Structures are given as C-alpha cells and as structure tokens.
Amino acid sequence: MTDRRGGLRLCVLLATVLMTAAPAVAVDRPNILLILADDLGYSDLGCFGGEIRTPNLDALAAEGLRFTRFYNGSRCCPTRASLLTGLYAHQAGVGDMTADEGPDRPGYRGHLVQATATIPEVLRGAGYRTLMVGKWHLGSNPGPIRRGFDDFYGMIGGFNSFWREDPFYTRLPASRPRREYPPGGFYATDAFADYAIEFLDEARREPDRPWFLYLAFNAPHFPLHAPREDVDRYADVYAKGWDAIREERLARMKAMGIVPASTPLTPRSDWVHPFHHKEGVNPAWSDLPADRRADLARRMAIYAAMVDRMDAAIGRVMGELKRTGRLDDTLILFLSDNGACAEWDPWGFDVATGPKTTNILHAGNDLDSMGGPDTYISYGSAWAGASNTPWRLYKHHAHEGGISTPLIARWPRGFARKGELEGQVGHIIDVMATCVDVSGARYPAGERGIPPMEGISLVPALRGEPDAPRLLFWEHEGNRAVRDGLWKLVARSDGPWELYDMDVDRAEIHDLAATHADDVARLARAWDDWAARCHVVRDLP
C-alpha cells in the first residue's frame, strides 16, 4: 500500500508539473512585432549613418543587431507580398502592382493568390493573435481580414493624405470600434501608434496567448506631409545640399562599420521621367539657383520630419511594451519596403503623381505651407540618391539603391548579441521562415497548391551562426538581378546584364561582365530558370 500511495503521489506530482508547465509553451514563444517603413532609404536612420533624429530605432539597434546586407523587393507591393508569404512576389501573384492582368499571367494578379499562406494565417494556426496597423497595398479583395488578421486599422491602398482620415483609412472588421479624432487632430503616423497600442492593450486580456503585430507605416512615402514643428527642426539642415549630405553620411557609415572603409561614393545617379518623357543625371547642388535650392531643402526637411515622427511613434509602441513587461518577450524586426523613391526627377513633383504630375517652385511664405494638408509633394531623385547613400539608383531598380534595406532585430530572450553588425546576406522571403521557426507554427506547403517557403530562418544569423550559400533573385518592371555568393548579376529593364563582385564592389561601379563571361552565362541561366518557375513573364531585352 505504501508503494501504491507513493506511486499515486508521484503521478499527482507529475500531473501538477505538466499542468503548470503547459502555459509556458505559449509564454516561451515570442510575441512578434514586424515594423515596415515605406520608401525609407538605406542610410536615413541615425544608426545607419543618417542625420535624421531616430533615437528609438537607434536604441533598438543598440540593444539588438543591424543587418547590413539585407534585401527587399524593390517596390511597395512586391515587397509586401514576399514579406507576408515567404515566396517571391510573382509566386504570390503580385509581381507588379495591384492591377489584375488575368489568369494567363499568374504572377501579375494584383493580389495574394489562393495558393499562398500568409504569416498571420500560419501563426493563427499556432494560437497567435494576429494584428495589423498601417498600409496593406495588396489589393482590396482579399483584404487583410480574409488573409489572416484578426484586427486591422490602416490604408488598404498605397498612398494618400496623412492629414485626412476619411475615406483613406479603414477599421476592419467594420463592426469594431473606431477612435475619434477632432477636426485637425488626425495624422496617420500618430494614429498608427494609437491603434497599435490599443490592439496591444486588448491582447493583454489573453496573457498566455502570443501575438503578431504587423505595423506597416506609410511614412516617408509621398505625399510628403509632416507637422510644421517637426519640419522646422530640419529647416536649416539641408541647405548644404545633397552632395554634402552624401559625403557626411558615407563618412559616418564607414566610422560605424556599416560599409567598408574602401567604399567609394557613387556618382550621382541618372533619372527617367516616364510621364514627361525626359531623362538626365542628378545635378550638382552648387549648380542650382538659390530659389530652387530653398524649395528642395524644404522638401527634404519634410521627408526627414516624417522619419522623425515615425521614430517617435515606434518609441510609443516600444514604451507600451516596456511598461507592460512584454518588451523582452517580443521579437522585433524593422526594415524598409524598398530603396528611397526618385519619382520622377531631381525637382520632385506637386499636385499628383502619374500623368498629371507637375512641379511647383515654392518660394517666400509658400515654403512654410509645404507639407501641410493642402499640399501634395515628393522630394525627387537627387534627394533619393542621398537617402540611398552610397548605393546607385532607387526604388523600382534591382541595383543596390533599389533593394538594400536597413534591418534591425531585437529579441533579448532569443539572442544575446547587442549593438553588433551582422553581415550575412538576407532577404524579405526569410521573414516567414523566421516566424515559423520562433513560433513552432506549421507552414502548409502543398495544401491548396502552396509552394514551399523560399526563404530561410534568420534565427541562426541572429545567434551568430554562419550561413550557407544560396541564390537570391529579383525582378520588377524588367529590372532584374541574381545574387550568388560574391557575385551579383543585375540589369535595368532596357539594359544588358552587369556583373559585380559584392565583396569588393557593392557600390556597383566596376562591371566585370566582359571579363567573366562564363559567370554571366551561368547566372543568367539560373535567373531564366527561376523566372520560368516563378511566373515572371515580362518581355525583356
């Protein structure tokens, strides 16, 4: 009897331990906060060499890692499709933007096709609460709720006023309560922080259930809008012009170790205006008349103010996590959807983009109104070149200026490294695999024709483990590239293949295609095979 009672006591004890440990499975899985900036350049953040005030992102970097060779998909929609599915954009149906080109072009349906799984869908299957605030830009049907998010507030489309909520910003499901903003009290970046904090507060009601929050800012995408007090902070910063800013940024980047000390400053990039049928090269700042310099300096000041305000919003969200004891339990990833936006020439545009685009030379008191609710402006190709320092070209392109993103990662419970730089090559297709890895979720490869994930988990890289060589691919509007170890083969839509040694020439200045014909042929064949597999059907030269 004594042995039986002892065995019974042991069984009870084991059952108690197991019941007590059960919630720890959920607790041990991190919350995931994925933050995406919109049209942010590679060197805009303070922790990547920029002069813009970003204390909260700088602190995130100091407490985590900065990836210096991470890549996006070169434009808004393709990046978002890859980010959320772990596939190349064409596999997900969003090889271009949101226009549907029909079933004969499955890579260009303009929305996430059925044969995909999204991060929220996969994580929801593992018990996660799934939340989104910000810019969707993957078509309205299906929207974020049908593709796995429990709650959404933000912009379904791609860009519009930061000052006007209705009709551009939406709460879904529609039955859920909305916040009320007084007249003149709405600013999109601030509202995104408001809703992110509200959603996180609601998530606290289920303390044993982890959450995934996708916080996709529309800043600093045009139209450039920012509060006057933020713009004034940068009123004099950019009077020195883009040439001086580029030189100063590169010097700081070298001092930080973001780029090697041997990295040259690339020549000012060229530009093409598709609506006005003009093209040229970004001019020297010193060649511009004083009134044009004043107008352009103000445009860049507004852009900087948007980044500054976004950083403050991120700080509010991080402050809420810290206040509620959830900051160190959360894997935080911050990156940009593409390189800085050059649309469409060095002067920037006003009124609207597209065929109606024009430029207004603002002067006198009119300079103070720029960035307000009644304006609609961009900052142009030369400032975009400065934002992408030291790389060539911009958003749309597969050269480094179009696809390089700062990536910051913080997760104290998952890796111990702090303030370090990580030089392993990564790609937005890796975010899905990372979420699956840290959550223990199951990715449904093969179901509904869903392809296997194209990416790999970033967890080994976060922990300092070496990566394995792999091929990575890009295509958008005919701009294309493939990267394999030290080699990158890249071309513009109307140009031939160029070959660069990324170990010594990431600035893409010395084209080696003529002297390494075998490597060009090998990588071009690999790109062709990838394009055929992934539904890339653009007519290329």
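## Helix 3, a cavity and salt bridges

Helix 3 is mostly covered, with 10 of its 10 residues buried in this predicted model. Among them are Cys76, Pro78, Arg80 and Ser82. Just past the helix, Gly86 adopts a positive phi of about 75°.

Helix 3 also helps to line a cavity. The whole structure contains 3 cavities of 30 Å³ or more. The largest has a volume of about 110 Å³. Helix 3 (76-85) and strand 13 (471-476) are the elements that each give two or more residues to its lining. Strand 13 gives the most, with 3 residues. The lining of this cavity includes Pro78, Ser82, Phe473, Trp474 and Glu475. By class, that lining has 7 nonpolar, 4 polar and 1 charged residues.

Salt bridges come next. The structure holds 50 of them. Three are listed here.

| Pair | Closest N to O distance |
|---|---|
| Arg209 and Asp150 | 3.9 Å |
| Glu165 and Arg178 | 2.9 Å |
| Asp308 and Arg233 | 3.3 Å |

The Asp308 and Arg233 pair links distant parts of the chain, 75 residues apart. Asp308 sits in helix 8 (residues 290-323), and Arg233 in the loop between helix 6 (228-232) and helix 7 (242-256). Asp308 is buried, at 6% relative accessible area. Arg233 is partly exposed, at 38%. Both belong to one network of salt bridges with shared partners, which also includes Arg53, Asp190, Glu229, Asp230 and Arg309.

In the Glu165 and Arg178 pair, Glu165 is buried, with a relative accessible area of 14%. Arg178 is partly exposed, at 39%.

Note on methods:
Residues numbered from 1 in each chain as written. Predicted model: local features only at pLDDT ≥ 70, side-chain atom pairs only at ≥ 80, totals over all residues. Heavy atoms only, no water. 1 Å grid on protein atoms, 1.4 Å probe; cavity = no way out; pocket = protein on both sides within 12 Å on 5 of 7 lines; lining within 4 Å. Points joined across faces, edges and corners; volume = space filled by probe spheres on them. Helix = DSSP H or I, 4+ residues; strand = E, 2+ residues; numbered from the N terminus. Nonpolar A, V, L, I, M, F, W, Y, C, P; charged D, E, K, R; others polar. Buried < 20%, exposed > 50% of the residue type's maximum accessible area, 1.4 Å probe, protein only. Salt bridge = Lys/Arg side-chain N within 4 Å of Asp/Glu carboxyl O.
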